[in-house]
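Below are some questions about how the terms used for this model are justified, each answered by setting a value against its definition.

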Amino acid sequence: MSFTAPIQLPGLTLDPLWHRRSVFYQVMVRSFVDSNGDGNGDLAGLISRLDYLQWLGVDALWIPPFFTSPLRDGGYDVADYKSILPEFGTLDEFRDLVTKAHERNMRVIIDLPLNHTSDQHEWFQQSRTDPDGPYGDFYVWSDSDEKYPNIRIIFTDYEESNWAFDSERRQFYFHRFFSHQPDLNFDNPAVHDAVFDIVRFWLDLGVDGFRLDAIPYLYESDEGNGEGEPKTHEFLKKLRAMVDRDYPGRIMIAEANQWPREVAAFLGTEEEPECHMAFDFPVMPRIFYSLRSQNAKELVQVLSETTDIPEGAGWGVFLRNHDELTLEMVSEEYRQAMYGWYAYDPRMRVNVGIRRRLAPLLDNSRDELELAHALLFSLPGSPFIYYGDEIGMGDNIWLDDRDASRTPMQWTPDRNAGFSTADPGKLYLPVVQSLVYNYTQTNVESQLAQSRSLLHWVRNVIHVRKAHPVFGLGSIHVLETSHESVLAFVRSYEGAGTQFGDPAEDVLCVFSFAHNPISVTIRADDLAGASLVDLFGGSEFPAFDDSGSLTLTLGTQSFFWLHIGSH
Ligand code: GLC
Ligand code: CA
């Protein structure tokens, strides 16, 4: 099958690669805008700020779960996949959100935790009380809690075992995450049917795709470690085939926190595709490592490793999200170094990671924030912004677990940061009032009023990126440099004819992680004589010389994006 042929629907031709051109924005309904003053953000509130997101340049929203849930894991503990938690709104409001987003050319991706449900889900309640009934086999039950000893514990700060005893059924059930999140039994075909039914329900409602939460963990086996088991990949192929057949143009995004080759496996192959995108978990921690080690070596290596994926598939690049900055996929030595740099206070740690937001991680350094965003917007893949990071919002490590970085969006210097008119004590979480990130200083309104604010800078870089499809669609070639602090690569794109009007282009990206100004020589034989023009201001740079070498000077933690001209 071809990934790049235009998708034909009655009266409509769709770009099959829209996800690779898009800038994504992760926004939690609860955290964005409270429209009715009850202290919780809601769908109507989110709808009211679509104009802001459009202004910023956002092409697609990723909305974490908003389904009926006891909210013991931020909604990733679903009690009913087909209804919306009343405090967030109604199905009609959700339909309205999809319509209004689509009117603005913005897509809507929702989050589906399929590995597990809440223990409050009707399926689980029936499973524990009626083992022989229709839901008896919906979960992973066992008489022993010793099964699957190879399977690691993920929430190491909260759980001691992946098994919990149910006093009603008098058996143990398996849970990969919190003990109140029993794993669904994917060996049961009825579970597949139930999951397909949920997927169809939301696709019929008009969503443009899914983030597949915790997707490596669907199946467990005696031999394996319960991460990306062969049957999990079989299931994804089956799901993808259904989506391609019945809902062409809608996408699946894998949340697979795994080593590079394992993450790539979730994209499948040319013949048997799985997800359209996977979050680039290997690259993310290495960006943070490079910023402090002043050494680009790790990034160079990982960028060379992860690029072999099916045409049409892409990476989701991110700096932060609603979870801890996970350090599971780095070596012990690097992990300790990163804890030392970024989580010097033990309160900043959770599980195997760091529960802080981007700006505090980077000590609110404008140079570092710009450098990190320049990577986010030019590495292979589509960028995902975490709400609030565009204004450099702070966090609150005195809150529990990952709530540290899920506080209300800061819109204005007014009461509750303009998030809500509720009594401040009633908010689902308090707004950030710390010295440096206090909402009276860090908020959208005041950054809109300053032309040099981070918000305006981020918006500008988004628009520059969008004017150059090479960033979303092009290949990457990492170059040799004379300085260990420098990462240099060329993004190249041959253009796609006239169908979607994309021009061919080559861009040279150079990043210096050094904490002082440096000079660097970059080598690329095939670029001998090539001229260079800055993508931001249009000024001409020195060209590569006839032997394919280029010497540049870079200020502290700075970068260049340079259009490569004729040679
Ligand atoms: C995913 C989510 C995380 C959640 C976990 C269990 O990793 O990103 O927030 O706690 O799944 O559902
Ligand atoms: Ca509300």
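Q: What makes β20 and strand β23 a pair?
A: Two strands pair if DSSP finds at least two bridges between them. β20 and β23 (residues 518-523) share two bridges in the antiparallel sense, so they meet the definition. Thr-481 stands opposite Ile-522 in β23. A strand here is a DSSP run of E with at least two residues, numbered from the N terminus. The model is a predicted one, in which local features need pLDDT of at least 70 and side-chain atom pairs count only at pLDDT 80 or more, while totals for chains, interfaces and linings use all residues. Residues are numbered from 1 along each chain as its sequence is written, chains are lettered from A and ligands numbered from 1 in the order written, and side-chain values use heavy atoms, without hydrogens and water.

Q: Which are the edge strands?
A: In the open antiparallel sheet β20-β23-β26, the edges are β20 (480-481) and β26 (549-554), as each pairs on one side only.

Q: Why is Asn-36 called exposed?
A: Exposed means over 50% relative accessible area, buried under 20%, and partly exposed in between (1.4 Å probe, protein chains only). Asn-36 has 52%, therefore it is exposed.

Q: Why is Asn-40 called buried?
A: Its relative accessible area is 10%, so Asn-40 is buried.

Q: What makes Asn-36 and Asn-40 donors of the calcium ion (ligand 2)?
A: Donors are N, O and S atoms within 2.8 Å of the metal (3.2 Å for Na, K and Ca); water is not among the atoms, so sites may look incomplete. Asn-36 (OD1) and Asn-40 (O) are among the protein donors, which lie 2.3 to 2.4 Å from the ion.

How values were computed
Helices (H or I, at least four residues) and strands (E, at least two) are DSSP runs, numbered from the N terminus.
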